[in-house]
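Please read the following note alongside the sequence and the structure. The points are arranged by topic, so that each may be checked on the display in turn.

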Amino acid sequence: MMKGIKKWRLFALMSMLLVFLAGCGREEISTLIPAGRVAQDQFNLLILSSVIMTFVIIVVLIIFILAIVKFRRSKVGEDMIPEQVEGSAKLEFIWTAIPIVLLLILAVPTVYSTFDLADVSTMDVEAEDGNSSHLTVNVTGKLYWWEFEYPEQGIVTAQELVVPTNERVYFNLISADIKHSFWIPSIGGKLDVNPENVNTFYLEFDKESSELEDGVFYGKCAELCGPSHALMDFKVKSVDREEFDQWVTAMQSEEPAAVEGALAQQGEELFGQDGLSCISCHATSGLGQGNLMAGPNLATFGDRNRVAGYLEHNEENLKNWISDPQEYKPGNLMPDVATLNNGEKLSDQELDALAAYLMGLTVEE
């Protein structure tokens, strides 16, 4: 009876483990489902090292079991003395050569990939028209959001990165405050984002994110940077080159889309200098240079996948965020909205107006 209960407990435990592991397989964020050449190379190294490790474990386990089974004292007798092998050149060679061979099998591709994936020598190569032959994005980590500047295109975005597929995309990483770490698990390994120096690397996106369940890849901060470190997320839209060029053209438009509706127009007034002066920290045009504004560029807010990087993208969450940002991302630098409104909380009408205006900031058709 007890044995039956133990078996069921073990079965339940294994079932829970399978359910847990199934959650690790989300294509938009899993390192085990690579969606780019860099991630694929790193995944191959992971498989190679796992195979070597498993081989060593199996060989040692087999020798251990054979020793226990074949040379049991009850089987070979009390007076049996094992064959003495000290000084055997053959055995010395075998157990010295095998580890060296295994280390070489692991070390050669690892060293090659390390240098290959860190090679940014083609980053500044110019095409015939004088422009860079590859897309470069300047990434700035801030508390607790990400800014993406496209210096060649004169574009600045925040929280959502848009990149073309099937070509190298180079990144210059720097922090505006403390150390962060830039990581898109499905696309490649993480790299530190330091306030004192620029780190550079590249990634390649093999797959259009529209094919994913959520329509975006997920990016994370992989460095413990404060109370909202785990919420410092960003999203990546990978599109083909033609669609990327269309997005760049839309972002470069100097004429923002007209605000439609009386409620949204009221929100625009509230957002401006004569209202709450949100415009002092947040740009609403994608044109410009990076690291100039205190808050995220909101030019594409209506096209985004999330509010504040992780909340579902709807007006209710947006209004909750505006009302009390510290509740959703403790330690962020966005001021209490009451301090911008003569100490008064915003009315429901004002929150509705701001939400209608911000949701209308879009460049995508």
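1. A pocket, as the word is used in this note, is an open set of grid points with protein on both sides within 12 Å along at least five of seven lines, and its lining residues have an atom within 4 Å of a point. The model under discussion is a predicted one. In the largest pocket, H7 gives the largest share of the lining, namely 3 residues.

2. The space in this largest pocket amounts to about 630 Å³. Its lining is made up of 35 residues, and those closest to the centre are His282, Gly295, Pro296, Trp321 and Met334. Three elements, strand S11 (306-307), H7 and helix H9 (348-359), each contribute at least two residues to the lining.

3. Helix H7 deserves a further remark. Lys319 belongs to this helix, which covers residues 315-323. Is Lys319 buried or exposed? Its relative accessibility is 14%, so Lys319 counts as buried, the cut-off for that term being under 20%. Apart from neighbours within four places in sequence, Lys319 has contacts with Leu351, Asp352 and Ala355.

4. The student should next trace the sheet. It is open and consists of 5 strands in the order S3-S2-S1-S5-S8, with mixed pairing. Strand S3 (155-158) and strand S8 (199-204) are the edge strands; each has a single partner, so one side of each has no neighbour in the sheet. From one strand to the next, the twist averages 25°.

5. Within this sheet, one pair can be followed in detail. Strand S1 (residues 135-142) and strand S2 (residues 145-150) are antiparallel partners, joined over 5 bridges. Asn138 has Glu149 in S2 as its bridge partner. Helix H5 (residues 241-251) lies across S1, S2 and S3, and its direction makes an angle of about 100° with S3.

6. Three details of the backbone merit inspection. Most residues other than glycine have a negative phi, and most peptide bonds are trans. Leu143 and Tyr144, however, are joined by a cis peptide bond with omega of about -15°. Tyr144 is located in the loop between S1 and S2.

7. The other two details concern phi. Gln159 is not a glycine, yet its phi is positive, at about 70°. This residue, Gln159, sits in the loop between S3 and strand S4 (160-164), and at 7% relative accessibility it counts as buried. Ala308, also not a glycine, has a positive phi of about 60°. Ala308 occupies the loop between S11 and strand S12 (311-312) and counts as buried at 14% relative accessibility.

8. Which residues touch the most other members of the largest nonpolar core? They are Tyr150, Phe171, Phe182 and Ile184, in a core of 40 residues. A second core, separate from it, has 22 residues, among them Leu298, Ala308, Leu311 and Leu361. Ala308, noted above for its positive phi, is thus a member of that second core.

9. Finally, the enclosed space should be recorded. There is 1 cavity of 30 Å³ or more, and the largest cavity holds about 40 Å³ of space. The residues lining the largest cavity are Glu160, Val162, Lys237, Trp247, Thr300 and Glu364.

Conventions. Residues numbered from 1 in each chain as written. Predicted model: local features only at pLDDT ≥ 70, side-chain atom pairs only at ≥ 80, totals over all residues. Heavy atoms only, no water. Pairing = 2+ DSSP bridges. Helix = DSSP H or I, 4+ residues; strand = E, 2+ residues; numbered from the N terminus. Axes fitted to C-alpha atoms, helices over the stretch in contact; angles between N-to-C directions. Contact = heavy atoms within 4.5 Å. Core = buried A, V, L, I, M, F, W, Y, C linked by side-chain atoms within 4.5 Å. Buried < 20%, exposed > 50% of the residue type's maximum accessible area, 1.4 Å probe, protein only. 1 Å grid on protein atoms, 1.4 Å probe; cavity = no way out; pocket = protein on both sides within 12 Å on 5 of 7 lines; lining within 4 Å. Points joined across faces, edges and corners; volume = space filled by probe spheres on them.
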